[in-house]
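This report goes through selected geometric features of one protein chain. The sequence and the coordinates come first.

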Amino acid sequence: GEVLKNLNKFYKRKEIQRLGAENGLDARLFHQAFISFRKYIMESSAVSADLHIILNDICCGAGKICLLGHVDDLFPFFLRHAKQIFPMLDCMDDLRKISDLRLPPNWYPDARAIQRKIIFHAGPTNSGKTYHAIQRFLSAKSGIYCGPLKLLAHEIFQKSNDANVPCDLVTGEERVYAHEDARPAAHIACTIEMCSTNTPYEVAVIDEIQMIRDPARGWAWTRALLGLCAEEIHVCGEAAAIDLVTELMYTTGEEVEVQNYKRLTPLTVLDYPLESLDNLRPGDCIVCFSKNDIYSVSRQIEARGLECAVIYGSLPPGTKLEQAKKFNDPDDPCKILVATDAIGMGLNLCIRRIIFNSIVKPTINEKGEKEIDSITTSQALQIAGRAGRYGSSFKEGEVTTMHRDDLAQLKEILSEPVRPVKAAGLHPTPEQIEMFAYHLPDATLSNLIDIFVSLSQVDGLYFVCNIDDFKFLADMIQHIPLNLRSRYVFCTAPLNRKEPFVCTTLLKFARQFSRNEPLTFDWLCRHTKWPLAAPKNIKELVHLEAVHDVFDLYLWLSYRFMDMFPDAVLVRDIQKKLDDIIQIGVCNITKLIRASQSAAAPGTAVVPEDFPFSRTKRDTKVISDHHVAKSTEALSVAVEIPGERRAKNLKAYRSATRQEDLKSHGRGSLANRLLREGLLTQEMLRQLESEWQDQHRNGRYGLGSRRDDQNSSKETGKKKK
């Protein structure tokens, strides 16, 4: 007991905490080290003789005027123990120098060796800012275009070659040469992660510069802006990024010339909502923020005898282009588009009116948490700006909402100024991680990244990008014997960690790679069960999209490990065939939805609805990675079930589900059943929802009513007894 009391006294001493900080133990590490040190002393059958003597002196001298020992004398032993459990403490100074991210411009000596001219083309969507930058790109002797999407890179690749300016296409998955002899062209259109910071160019174009603040990908824009070796750099994007770009260029000694642009066609926010799909007109685009809403809305539209095109993020680029072509074709009967915010960039669409089905969407915050919140002004302008594109058949654009109570909020969002971009993203390089590994040879890659981020120092212009996806993959393949550089490459592979089939495939790729066994075309066909048939329901369509992502993953790895992934040409051929199969499925999407519903139990929904979240007013709900909003059943049950059962159901809904969207297939939805049977209309459902929200805000379903319900149930119980 005396030993424990003195150890706790040692822990609370400010002087000891200060000494710990000087030796690399921040508050978190100090606490963890102390817990381990205390456990070692209290639970070990024997401790070293010198530590035993010190503890004896401290305990025997406690309370005496002339102390034999003092708790501070434990510090050398504590520090020795801390270094055993945290080996980096021995090389903390070196690690801090490696993880010092305060001067990113110095990482690019080739760019610092020339005086670059920076031109910022600032303006909203459909203002011609990128057009002017591309004109300069085409007139230059050499140039590079860096865009956020494969679709955008492909568009510039096409335009350049159509203008008789030979241009290569470079994305993570492919390289297409303009010259038949595979000789590199002087111009390159690439996705921004693939740009070279060593090759000199006359002109570089960096598109959508506001994405420099993106929590996951912002580092790629920072790298391009600071590192591209070009005489002229044309930066295109929102005016909200001007101040940050100017400050960043001040640190490199380069000035920024700003050219402002205004929208080329008028955009009007209508004073009335759509309210009913019966009010749709040719050229309308309904924007949803979940696949489930896409499925639901598209089916309701086709039930009215109208044909619609469908575009969402996980569709292959070829399918997106075909759906866009179908919608844009004046001779095609398809005049309505249902899409997610994937239309915000990368596709040229002839849209007359944008209709927001909802104005809230799931996002990932800086901590990697998923939250549901109202769309930002930047997002709203990006999407709304797609209406009335310059040069299309619609000379004016219109924007409205599906529901009346969303319209006022949309107007408020659109009227607010876009928040200025405050900081640029950074990401540890493979070289930095390798240097860390030299000092900490026994640490896992995930731990190396954690230590790097905890020790990293950045100034106010930068932030370290979210590394959760990287760590997820690092932990997943940790047991596979790979050298550090190969392991790092596998962990930077672009995949959605919520797709189990793709994650499992990456694991198999890594295992085969570690055995030095090439991943052949035949192996991949066996794993994916190729050839595949056209989908018969939504589940099969989603699986085909996952297989397409697997082919993408193979191609991505083939450009980094050519010997181990040797059949890129064959895989690209079957990927094109798979794209055609997926297009068939998307064209028949309403049939797939019906097939899914008929296969499910009576009264169940194909996909879970998420509109209880979609109606939330500026409320932010932080939820887990796999959290999915349940069905409208939660709402309808909340309205119809009184008292304690209602509170219980609401609680169950809020604690909700760590399951994927498709795992919710087959769950019953009272609202859907009532709608199908004609006992409930969409208008009645919205009214019920509105009433439920009003009652909830007024506290009718709050703690007070729950207590009343509980008291009531107790009284009932007494009467029964």
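What percentage of the 721 residues of the protein count as buried? The share is 51%. The model is a predicted one, and its secondary structure comprises 30 helices and 19 strands. Among contacts with a separation of 6 or more, 74% are between residues 24 or more positions apart.

**Backbone exceptions**

Most residues other than glycine have a negative phi, and most peptide bonds are trans. Three places depart from this pattern in the backbone of the model. The peptide bond between Trp530 and Pro531 is cis, with omega at about 5 degrees. Pro531 belongs to the loop that runs between helix H21 (521-528) and helix H22 (538-558). Lys529 sits in the loop between H21 and H22 as well, and its phi is positive, about 60 degrees, although Lys529 is not a glycine. Asn126, another residue other than glycine, has a positive phi near 70 degrees; its loop lies between strand E1 (117-122) and helix H8 (129-139).

The two residues with positive phi can be set side by side with their accessibility.

| Residue | Phi | Relative accessible area | Class |
|---|---|---|---|
| Asn126 | near 70 degrees | 15% | buried |
| Lys529 | about 60 degrees | 64% | exposed |

Asn126 counts as buried because its relative accessible area of 15% is under the 20% cut-off. Lys529, at 64%, is over the 50% limit and therefore counts as exposed.

**Aromatic pairs around H22**

The whole structure contains 17 aromatic pairs. One of them joins Trp530 and Phe551: the ring centres are 6.2 Å apart and the planes stand at 75 degrees, so the pair is edge-to-face. An angle over 60 degrees is what that class requires. Trp530 lies in the loop between H21 and H22 while Phe551 lies in helix H22, so the pair ties together parts that are 21 residues apart in sequence. Trp530 and Phe551 are both buried. Trp530 thus takes part in the cis peptide bond with Pro531 and in this ring pair.

Arg560 is placed over the face of Trp556, 3.8 Å from the ring centre. Elsewhere in the chain, one aromatic cluster is formed by Phe10, Tyr11, Phe30, Phe34, Phe37, Phe75 and Phe78.

**Packing of H22 on H23**

The axis of H22 comes within 10 Å of that of helix H23 (residues 568-587), and the two cross at roughly 160 degrees. That angle is over 145 degrees, so H22 counts as roughly antiparallel to H23. The crossing is left-handed. On the H22 side, the residues in contact include Leu541, Leu544, Val547, Phe551 and Leu555. Their counterparts in H23 include Val571, Ile574, Leu578, Ile581 and Ile582. Charged side chains also appear in this set, among them Glu545 and Asp552 in H22 and Arg572 and Asp579 in H23. Phe551 therefore has a place both in the ring pair with Trp530 and in the helix contact.

**A contact across the sequence**

Glu275 is located in the loop between strand E9 (267-269) and strand E10 (284-287). With a relative accessibility of 34%, Glu275 is classed as partly exposed. Which residues does Glu275 touch, not counting those up to four places away in sequence? They are Met402, Arg404 and Arg686. Glu275 and Arg404 are 129 residues apart along the chain, and their C-alpha atoms are separated by 6.8 Å.

Definitions and conventions
Residues numbered from 1 in each chain as written. Predicted model: local features only at pLDDT ≥ 70, side-chain atom pairs only at ≥ 80, totals over all residues. Heavy atoms only, no water. Helix = DSSP H or I, 4+ residues; strand = E, 2+ residues; numbered from the N terminus. Buried < 20%, exposed > 50% of the residue type's maximum accessible area, 1.4 Å probe, protein only. Phe/Tyr/Trp six-rings, centres within 6.5 Å; stacked < 30°, edge-to-face > 60°. Lys NZ or Arg CZ within 6 Å of the ring centre and 35° of its normal. Axes fitted to C-alpha atoms, helices over the stretch in contact; angles between N-to-C directions. Parallel < 35°, antiparallel > 145°, perpendicular 65-115°, else oblique. Left-handed = near helix turned anticlockwise from the far one by under 90°. Contact = heavy atoms within 4.5 Å.
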